[in-house]
Amino acid sequence: MDLQELKQTIMKEIGIVALPSDIQDKILEKLGSNIIKRLTLAILKNLPEEARPEFEKISASGDEIKLQEFFKNTIPNFEELTQKTIKETIDEYKEIAGIK
């Protein structure tokens, strides 16, 4: 999932499509930041120890596409882990915000 897809998912899930764009941007920035932090923690938790040196090398290069491929090939069920983490974070936000 790229950032544009993530943005669309968040907007749809929490129902902010009709809000003014400045308010959408604030919500997306905060919630997006939380999602990225949680994804990072989930990835690092599930990254095999022997893959960490290669992860550091790819991460330092800044090549996002290569990094995504690395995760897909290294972390079992990477896509499911990503989707689950995103959903849990959005659901938690909705609960805190009182959104049904």
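Q: Helices (H or I, at least four residues) and strands (E, at least two) are DSSP runs, numbered from the N terminus; which helix holds T89?

A: T89 sits in helix α5. Keep in mind that this is a predicted model, where local features need pLDDT of at least 70 and side-chain atom pairs pLDDT 80 or more, while totals for chains, interfaces and linings use all residues. Residues are numbered from 1 along each chain as its sequence is written, and side-chain values use heavy atoms, without hydrogens or water.

Q: Is T89 buried or exposed?

A: Check the relative accessible area: buried is under 20%, exposed over 50%, and partly exposed in between (1.4 Å probe, protein chains only). T89 has 4%, so it is buried.

Q: What does T89 contact, leaving aside neighbours within four places in sequence?

A: Contact means heavy atoms within 4.5 Å. By that rule, T89 touches L31, N34, I35 and R38. Those four belong to α2, which runs over 21–46.

Q: How far apart should the ends of helix α1 be?

A: Take 1.5 Å times one less than the number of residues. Helix α1 covers residues 3–14, which makes 12 residues and an expected 16 Å; the end C-alpha atoms are 16 Å apart, so the two agree.

Q: Which residues of α1 are buried?

A: In α1, look for L6, I10, M11 and I14. Looking down the axis, you'd see the buried residues within an arc of 130 degrees (judged by the directions from the axis to the C-beta atoms), so they line one face of α1. Their packing partners are α2 and α5, the latter spanning 78–97.

Q: And L3: buried or exposed?

A: L3 is part of α1 too, but with 66% relative accessibility L3 is exposed. You can also relate L3 to K30: they are 27 residues apart along the chain, with 14 Å between their C-alpha atoms.

Q: What happens just after α1?

A: There you'll find G15, with a positive phi of about 65 degrees.

Q: Which residues lie nearest the centre of the largest pocket?

A: On a 1 Å grid over the protein atoms alone, a pocket is an open set of points where a 1.4 Å probe fits, with protein on both sides within 12 Å along at least five of seven lines; lining residues have an atom within 4 Å of a point. Here 18 residues line the largest pocket, with I36, I43, E64, Q68 and F71 nearest its centre. Helices α1, α2, α3 (52–61), α4 (64–74) and α5 each give at least two lining residues, and α2 gives the largest share, five residues.
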